[in-house]
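User: Could you take a close look at the salt bridges in this protein for me? I'd like to see how the paired side chains are placed and how exposed they are.

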Amino acid sequence: MRGTHVFGRPFGRLVSCRSGKIKGVFKGSNCNKPPERCLSSSSQNLKLFSDSSKQQDLRRFLEEIGTDPREARYWLRQFQQHESTPDQPFAVVQVDSPILNDKVMLEKLASCLAFLHRNGMPVIIVHGLDPHSDTQIKDPRLRRAKLIEGNIELVDLLEKHGSKARPFMSSGHVLSAMELDEPGTAFTGKIYEVDVRPLQGCLRSGHIPVLTAVAESPSGQVLCVESHHAAVRIAEELQPMKVMFLNTAGGLVDRQGNVVGNVNVADDLESLLQQPWYTETTREQVVSIAELLNTLPMYSSAVITSADSLITELFTHNGSGTMFLRPEKIVRHQSLETVDIDRLKDLLVKSFDKPLNAEYFSSLKNRLHTLYVTESYSTAAVITNEDGLDDIPYMDKFTVGRNSQGLGTSDNLWKKIKQDFSSLFWRSRGTNRINPWYFIRSDGSWTNGKWTVFWYGVNDHILTHKLVQHAIQLPPSFDPIAPRKYNDIFSI
C-alpha cells in the first residue's frame, strides 16, 4: 500500500523545558537511532474473525511472515469490507516464470495466496513462459510440458497450504488468440478474446483458478501467449480490487538497481517511458498497466512486486515494489463559500466517528487559509492562519477516506501542501496509528502522551515551543462526550 507509511523517523533527544508549561519529548531529525515501530502487536488486535480457527490462522501466518498484526488488521478490514460478488476475484496475480523455478520463493508465494483465499480474498493466478529464457525451448511440446509441470506444482502447493485449487493447464476455453506470423514466433499468439465464465464458476465453487498462459486459435491451434497480457485482459473483464505482477526483481528496476516506487500515471508516465534503461518489453508492460487502470474502478490498483513482498505490499502501510497510482484530482479553496459544507462535514464526521462542534465551521470561516479537497469529497486537508506565530500555518485537519487509501491520494495531497507551504505545524493524538507517517514527513515533533505536535520548516527552538504550546491548547473540534468507534479513515 502507498500513502500511509508506517515506519517512524529516528527519534531525537529528550529536551527539558524550564518554563514548566510544556512537558514532553522533543523529537528532531538529527539523531541516528534506528526507527522504531509505533504500532502495538497485542493479541487483541488479532480478533478479526468470530471463528477462533481463523484467528489462529491469522496469528500463525503473521508470525510466520513478520507483518505487524495491527497493520494487517487494518488492511484486512479494508479488503474484507469491500463489496464484491462470489464470482469476482479480490486480485488477479501474474507470476513470472523464474519464480516457478525458485522452490523457496514458490513455497512462500503459495502460502500467501492460500492465506488470502482462506480469508475471503479469492485470487486468480496466471503464469506463463519467460519471454527471454523460455523462448530458447524450440520444441512446442517441451514448452507446454514446462508450463504444465509448473501449473501442477503450484496447484499442489496451494492445496498443501489449505486451499482448494483448480488447474487450467490448457486455457483455450478461456483465452482466444491469433497466431503471430513474425519470425521466431511459431506457436505463439496474441489474445483477442477472453471468456471468464469458467473462471467465475471456479471461484463460485471455492477454488483458486491457476491458468497457464495458453490460448487457442480459431482453427484450434494451441498457442502460448504472454502471461502479463493474459492477466491484463482477465482483469479488464472481472474488475478486481488488486492486479499484481510478480517478478524476482521486486518491481521496475532502474539502471542503478533501485526499485522505482510510485508511478503517478498522469504525471510520471511520459517521462518514465523515456528513460534509457527501459526495454521495449518493459515499455509495453508499463503502458498496458496504465491503460488497464483506466478501465478499472477508482478503488482498484496495480503493482509490480516480488513474490517475497506480496504480503508486505498488501498488509503494511509502507507497501513494496512499483505501485501505479491514479490519484483523484485535488481542488484548492481559499473560502468556505466555494465548498460543499454538507459533504465536507460528512467526511469529517465519518473520519473521526464523532459529531463536529456546532461552531466549527463558523470559527473556521475567519481562520481559513486553504482547504484542499478531492472532487469526490473523500480526502481533505484544512490549513488555518493562527495569530502570533510568525505566520506559521496550522494544519487543522488531514483525512483520507477508505476508498482513497492505497491509491496515492495522501501522498499527492501532501505533495501539494508542501509545494504551497514552506513551513507548517499540526497535532495528532498520541494513539493515532498514522503518527509514523507524520514522523517521516516532519522535521521535528513533541509529545506528552496525549498529543504529538509535528512541524516542518521551523528551526527556531523558541518558535517551536510557541507552536507546541498553541497546538495543545486548541479546543477540540468534535464533541468530546460522544462515543468513538473504530474507524477506517486515515486522519488527524
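Analyst: Happy to. A residue counts as exposed when its relative accessible area is over 50%, as buried when that area is under 20%, and as partly exposed in between. Please keep in mind that this is a predicted model.

With that scale in hand, let's start with R197, which is exposed because its relative accessibility is 60%. Its side chain meets that of D195 in a salt bridge, with 2.8 Å from N to O. The partner, D195, is partly exposed at 25%.

R204 also takes part in a salt bridge, here with D87, and the closest N and O atoms are 3.1 Å apart. R204 belongs to helix α6 (residues 197-204), while D87 sits in the loop between α2 (69-81) and β2 (91-95), so this pair ties together parts 117 residues apart in sequence. R204 is exposed, at 52% relative accessible area, whereas D87 is buried at 18%.

Next come E386 and R367, whose salt bridge has its closest N and O atoms 2.8 Å apart. This pair links distant parts of the chain, 19 residues apart: E386 is in the loop between β16 (379-384) and β17 (394-400), and R367 in the loop between α12 (360-365) and β15 (368-374). E386 is buried, with a relative accessible area of 10%, and R367 is partly exposed at 23%.

For context, the count of salt bridges comes to 10, in a protein with 15 helices and 21 strands. Of its 492 residues, 54% count as buried.

Technical notes:
Residues numbered from 1 in each chain as written. Predicted model: local features only at pLDDT ≥ 70, side-chain atom pairs only at ≥ 80, totals over all residues. Heavy atoms only, no water. Helix = DSSP H or I, 4+ residues; strand = E, 2+ residues; numbered from the N terminus. Buried < 20%, exposed > 50% of the residue type's maximum accessible area, 1.4 Å probe, protein only. Salt bridge = Lys/Arg side-chain N within 4 Å of Asp/Glu carboxyl O.
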